[in-house]
Amino acid sequence: MENKKEKFLAIVPAFNEQGAIGSVVKEILGINLPVDVVVIDDGSKDRTGETAYKSGAEVIKLPINLGIGGAVQTGFKYAVINDYDFAVQVDGDGQHIASEISKLVKALKEDSADVVIGSRFLEKQGFKSSKARQIGITMFKIVNSLFIRQKITDNTSGFRAYNKRAILFLSENYPCDYPEPESVVILKKNGFKLVEVPVKMREREHGESSISSFKAVYYMVKVFLAIFVDLFKAKKDKIPE
Amino acid sequence: MQIRIQILSFLIGAVLLAIIFQLIRKNKLLEQYAILWIVSAVIVIVLAAWRGMLEKMSRLIGIYYPPSALFAIAIFCGMVIALHFSVVISKLTNDKNKLTQEMALLKNQVEKLQEKIGE
């Protein structure tokens, strides 16, 4: 077990990100860790998949747009099939900084966490976002922290690292759209150890957030409903050890 | 006056039942999705034909104009059917997502194998 080389995968969900995906992949491959990159092309209409492949990533092309959760879950399934020990989830829009991955992995190992969430808000990193988004993020912080009795400052962060146990669990249990805040509750409720570490993030360069202001209300209602219902769901009985 | 609405309700129920049977016969409607429709149509037919039963039921639920009770029951049946559809659609969506993921993963494996063979 000790000698076995640990396999490490970066899961990158991408929808119409041909402008950013190339540099995202190259940046991840350039970090100081042996890492494979799999890009989940979530039914893009542009050349996202081809660009990612040329940049050195493995590409899984979903024929139908499933939403970010469905895409990330495909990545978990890929990790299970190919027997990866750790996975890190990095957005395809260039928002996440690859050199920060090592912080997530460090916390995964040193704090023996199952899931590590990269938070923009643990330290004042000067991350600017709109008033509406700040309100939403604060609401998630209050509601989720209350429900799971652990303070999570950045529930919407998609910059996360997972160990094998969490990967196996999430490959079967992951919400299809707007998964981040809900998955925090699901994971904690099923006994996984969550740890947050402070990370820096970039302002968005290409494309736009998966949440336009148009959909913001639907987003909040859907996620809160899902979280509320999750509280009453039975604990999943098949938790890998 | 009430006999007209009774006849109309009976006819609507009967036509609905006939259409459902025709759809099943032509394989355009699966039995599992037809059951709720058949039950609803039969309820409407029975209550339209059986005046005494309808009047008893409408008194029981506090509606004093029996044809209104018939409509209320028909609307309730419609809502049950709609809810059933929502459940079915949700299951189909989950199944579709799983298939999409499996298909994409398999395609990736096939491409890798092809590359290996091609070398």
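In chain A, among the contacts with a separation of 6 or more, 77% are between residues 24 or more positions apart, and I should say at once that this is a predicted model, so please hear every number as computed from that prediction. Chain A has 241 residues, of which 44% count as buried, and its secondary structure comes to eight helices and seven strands.

Let me take the strands of chain A first. They form an open sheet of seven strands in the order E3-E2-E1-E4-E6-E5-E7, with mixed pairing. At the edges sit strand E3, residues 58–61, and strand E7, residues 194–198, each of which pairs on one side only, and from one strand to the next the twist averages 20 degrees. Within that sheet, strand E1, residues 8–14, and strand E2, residues 36–41, both of chain A, pair in the parallel sense over six bridges; to give one position, Ala10(A) has Val37(A) in E2(A) as its bridge partner. Helix H1 of chain A, residues 21–29, packs on the sheet, where H1 touches E1 and E2 of chain A, and the direction of H1 makes about 160 degrees with that of E2(A).

Turning to a pair of helices in chain A, how are H5 and H7 placed with respect to each other? Helix H5, residues 131–148, and helix H7, residues 180–189, pack at an angle of about 10 degrees, with their axes 10 Å apart, and because angles under 35 degrees count as roughly parallel, H5(A) is described as roughly parallel to H7(A). On the H5(A) side the residues involved are Phe140(A), Asn144(A), Phe147(A) and Ile148(A), and these meet Pro181(A), Val184(A), Val185(A) and Lys188(A) in H7(A). Sorted by class, this contact has six nonpolar residues, one polar and one charged.

Staying in chain A, I would like to look at Val217(A), which lies in helix H8, residues 213–232. Is Val217(A) buried or exposed? Val217(A) has 11 C-beta neighbours inside 10 Å, and since a residue with 12 or fewer is called exposed, Val217(A) counts as exposed. Val217(A) and Gly136(A) are 81 residues apart in sequence, while their C-alpha atoms are 9.5 Å apart in space.

Now to chain B, and to the confidence we can attach to it. Chain B averages a pLDDT of 90, with 98% of its residues scoring at least 70. Confidence in chain B is lowest in helix H3, residues 51–61, at a mean of 88, and highest in helix H4, residues 66–118, at 92. For the model, the scores are ipTM 0.83 and pTM 0.84.

Helix H4 of chain B also holds Ile73(B), which is partly exposed, with 19 other C-beta atoms within 10 Å; the threshold for buried is 20 or more. Leaving aside neighbours within four places in sequence, Ile73(B) is in contact with Ile43(B) and Leu47(B). Ile73(B) and Ser40(B) are 33 residues apart in sequence, and their C-alpha atoms are 8.9 Å apart in space.

Finally, how many residues does each chain bring to the contact between chain A and chain B? Chain B contributes seven residues and chain A contributes 13 residues. By class, the side of chain B that touches chain A has three nonpolar and four polar residues, and no charged residues.

Terms used
Residues numbered from 1 in each chain as written. Chains lettered and ligands numbered in written order. Predicted model: local features only at pLDDT ≥ 70, side-chain atom pairs only at ≥ 80, totals over all residues. pLDDT = per-residue confidence, 0-100. Helix = DSSP H or I, 4+ residues; strand = E, 2+ residues; numbered from the N terminus. Axes fitted to C-alpha atoms, helices over the stretch in contact; angles between N-to-C directions. Parallel < 35°, antiparallel > 145°, perpendicular 65-115°, else oblique. Contact = placed C-beta atoms within 7 Å. Nonpolar A, V, L, I, M, F, W, Y, C, P; charged D, E, K, R; others polar. Pairing = 2+ DSSP bridges.
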